[in-house]
Amino acid sequence: MGFFSKDIKTLDDLFVHTLRDIYYAEKQIEKALPKMVGKATDPQLKAGFEKHLEQTKGHIERVEEVFELHGVKAKQVNCPAIDGILEEADDVSGDVDDKDVLDAALIASAQAVEHYEMTRYGTLIAWAKQLGRSDCANVLAKNLREEQATDRKLTEIAESKINLQAAE
Ligand SMILES: [Fe+2]
Ligand SMILES: [Fe+2]
């Protein structure tokens, strides 16, 4: 599957391709989150990452459910976008010395991940509805709501304390 072979001909093909993209992304995020848990110092942030790791496992299961509902094979396609976001997160956090500044950096990286997921789920939900698959859209919307809630929580933790501590 790739753009060069031009095997994406219909909106349905594009929906399946993008579903495989977020499937890959979620699995990469599942691998990356334990590292972020390990690097975080603030207990609330650490617990937040742990909680989102559990949610991410649920996201993978829901994406698998959508593959099944839609009658296609659960398969991953490479997603260079999420690879880049996670690679940069790793690079930056490796370069930060101060633990409070590191927490701020981890939040920024995590929010980049959440926003990537939000844009993918937003698109997938819109296409699922267009394709008459409100059943798929409803399942995907559960993931979107958890990504949005996580993003809001990260903003709250950053603005209520982490950024202040990092600036000291
Ligand atoms: Fe997710
Ligand atoms: Fe997420």
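This is a short talk on two iron sites, a cavity and one aspartate in a predicted model.

Okay, ground rules. The model is predicted, so local features need pLDDT of at least 70 and side-chain atom pairs count only at pLDDT 80 or more, while totals for chains, interfaces and linings use all residues. Residues are numbered from 1 along each chain as its sequence is written, chains are lettered from A and ligands numbered from 1 in the order in which they are written, and side-chain values use heavy atoms, with hydrogens and water left out.

Let's go to the metals. Donors here are N, O and S atoms within 2.8 Å of the metal (3.2 Å for Na, K and Ca), and water is not among the atoms, so sites may look incomplete. For the iron ion (ligand 1), the protein donors are Glu26 (OE) twice, His59 (ND1), Glu117 (OE) and Glu147 (OE), at 2.1 to 2.4 Å. His59 sits in helix H2 (residues 43-70) and Glu147 in helix H5 (residues 134-167), so that pair ties together parts 88 residues apart in sequence. Helices, by the way, are DSSP runs (H or I, at least four residues), numbered from the N terminus. Both His59 and Glu147 are buried, meaning under 20% relative accessible area with a 1.4 Å probe, protein chains only.

Now the iron ion (ligand 2): His52 (NE2), Glu114 (OE) twice, Glu117 (OE) and Glu147 (OE) are its protein donors, 2.0 to 2.6 Å away. Along the chain, that reads H-x61-E-x2-E-x29-E. Which residue bridges the two iron ions? Glu117 does, and the ions lie 3.4 Å apart. Glu114 and Glu117 are both in helix H4, 3 residues apart, about one turn of the helix. Glu114 has 3% relative accessibility, so it counts as buried, and Glu117 is at 0%, so buried as well.

On to the cavity. I mean a set of points on a 1 Å grid over the protein atoms alone where a 1.4 Å probe fits but cannot get out, with lining residues having an atom within 4 Å of a point. The largest has a volume of about 50 Å³, taken as the space filled by probe spheres set on the points, which are joined across faces, edges and corners. Its lining includes His52 and Glu114, both of them donors to the iron ion (ligand 2). H1 gives the largest share of that lining, 4 residues.

Last one: Asp100, in helix H4. Its relative accessibility is 19%, so it counts as buried. Leaving aside neighbours within four places in sequence, Asp100 is in contact with Ile162, Gln165 and Ala166, contact being heavy atoms within 4.5 Å.

Methods: Helix = DSSP H or I, 4+ residues; strand = E, 2+ residues; numbered from the N terminus. Buried < 20%, exposed > 50% of the residue type's maximum accessible area, 1.4 Å probe, protein only. 1 Å grid on protein atoms, 1.4 Å probe; cavity = no way out; pocket = protein on both sides within 12 Å on 5 of 7 lines; lining within 4 Å.
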